[in-house]
Amino acid sequence: MIHHYKNVSPSIHPTAFIAKDAVIVGDVTIGEESSIWFKTVIRGDVAPTRIGKRVSIQDLSMLHQSPSNTLLIEDDVTVGHQVTLHSAIVRKNALVGMGSIILDGAEIGESAFVGAGSLVPPGKKIPPHTLAIGRPAKVVRELTDEDYKEMERVRKSYVDKGQYYKKHTSLGIE
């Protein structure tokens with residue numbers, strides 16, 4: 001379901017896959033070949049949400065903002081199942097693992113990996129090219145070549161899967 005809020009409607013690139021049961025409201029921009037999966041909620045009714053190209057926001061995730069605090073997700077980001085993102089910045093090529101919570105003013109650096117179930121508290125900066133895990137999230141190491149390969153595999157699989165769903169199923173917006 002796609003809805004306007006106070007005469008502002010989402011802007012969704014025609015190549016994006018949006019699951020029919022996703023809810024997208026208000027000042028939300030979604031870039032090309034991105035995918036918004038089943039039962040995800042993205043509310044742009046407080047501040048803007050900007051989602052780049054080839055981003056996957058997986059099932060049951062929730063995206064929202066605080067007043068005057070844009071939620072920004074740059075290109076080629078993977079957001080796992082049941083993630084909460086609230087007025088944060090996720091830099092390009094990052095991966096946010098399943099069940100994580102990223103709060104106001106937090107920034108996930110370029111090509112960083114936030115492990116499943118992590119909590120990134122308000123204002124916390126996760127440096128580029130690092131693995132951070134825990135509640136609260138702490139950097140535990142630099143990423144390896146194997147980490148980058150796995151992150152790329154996951155990202156590409158969701159771009160491909162989203163494009164397949166877009167072209168070959170009736171499960172997306174029409």
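**Exercise 1. Around strand 6**

Which residue of strand 6 is the bridge partner of Thr29? Trace the pairings of strand 6 from there.

*Solution.*
- The bridge partner of Thr29 in strand 6 is Arg50.
- This is a predicted model, with local features requiring pLDDT of at least 70 and side-chain atom pairs pLDDT 80 or more, while totals for chains, interfaces and linings use all residues. Numbering starts from 1 along each chain as its sequence is written, and side-chain values use heavy atoms, without hydrogens or water.
- Elements are DSSP runs numbered from the N terminus: helices are H or I with at least four residues, strands are E with at least two. Strands count as paired if DSSP finds at least two bridges between them.
- Strand 4 and strand 6 run parallel, joined by seven bridges.
- Strand 6 also runs parallel to strand 8, through two bridges. Here Ile42 has Leu63 of strand 8 as its bridge partner.
- Three bridges link strand 6 to strand 9, again parallel. Arg50 is matched with Leu72 of strand 9.
- Arg50 is thus a bridge partner of Thr29 and of Leu72.

**Exercise 2. The eight-stranded sheet**

Give the strand order of the open sheet. Then name its edge strands.

*Solution.*
- The order is 3-5-7-10-13-16-19-20, eight strands in all, with mixed pairing.
- The edges are strand 3 (17-18) and strand 20 (137-142), since each pairs on one side only.
- In general, strands of a sheet pair through backbone hydrogen bonds, parallel or antiparallel.
- Inside this sheet, strand 7 (residues 56-57) and strand 10 are parallel, with two bridges between them. Ser56 has Thr78 as its partner in strand 10.

**Exercise 3. Nonpolar cores**

Which residues touch the most other members of the largest nonpolar core?

*Solution.*
- A nonpolar core is a set of buried Ala, Val, Leu, Ile, Met, Phe, Trp, Tyr and Cys residues joined through side-chain atoms within 4.5 Å. Buried means under 20% relative accessible area, exposed over 50%, and partly exposed in between, using a 1.4 Å probe and protein chains only.
- The largest core has 31 residues; Ile36, Ile51, Ile73, Leu85, Ile102 and Ile108 touch the most other members.
- Strand 4 (23-30), strand 6 (41-51) and strand 9 each supply at least two residues of this core. Strand 4 gives the most, with three.
- A separate core has nine residues, including Ala19, Trp37, Leu131 and Tyr158.
- Take Ile73. Contact means heavy atoms within 4.5 Å. Beyond four places in sequence, Ile73 touches Arg50, Ile51, Gly52, Val55, Ile57, Leu63, Leu85 and Val90.

**Exercise 4. Gln65**

Is Gln65 buried or exposed? Locate its polar contacts.

*Solution.*
- Gln65 sits in the loop between strand 8 (62-64) and strand 9.
- Gln65 counts as buried because its relative accessibility is 2%.
- A polar contact is a pair of N or O atoms within 3.5 Å; within protein, one must be able to donate a hydrogen and the other to accept it, and residues adjacent in sequence count only if both atoms are side-chain atoms.
- The Gln65 side chain reaches the backbone oxygen of Arg43 at 2.4 Å. The backbone nitrogen of Val46 lies 3.4 Å from that side chain.
- Its contacts beyond four places in sequence include Leu71, His86 and Ser87.

**Exercise 5. Two more loop residues**

Place Asp76 and Ser118 in their loops. State why each counts as buried.

*Solution.*
- Asp76 lies between strand 9 (71-73) and strand 10 (78-79). Asp76 is buried because its relative accessibility is 14%.
- Among its contacts beyond four places in sequence are Lys53, Arg54 and Arg155.
- Ser118 lies between strand 16 (113-114) and strand 17 (119-120). Ser118 is buried because its relative accessible area is 0%.
- A polar atom of the Ser118 side chain is 2.7 Å from the backbone oxygen of Gly115.
- Ser118 and Ile36 are 82 residues apart in sequence and 21 Å apart in space, C-alpha to C-alpha.

**Exercise 6. The largest pocket**

Which element gives the largest share of the lining of the largest pocket?

*Solution.*
- On a 1 Å grid over the protein atoms alone, a pocket is an open set of points with protein on both sides within 12 Å along at least five of seven lines, whereas in a cavity a 1.4 Å probe fits but cannot get out; lining residues have an atom within 4 Å of a point. Points are joined across faces, edges and corners, and the volume is the space filled by probe spheres set on them.
- The largest pocket has a volume of about 170 Å³.
- Of its 13 lining residues, Gln58, Gly80, Leu95, Met98 and Val154 are the closest to its centre.
- Strand 13 (95-96) and helix 1 (145-168) give two or more residues to the lining. Helix 1 has the largest share, three residues.
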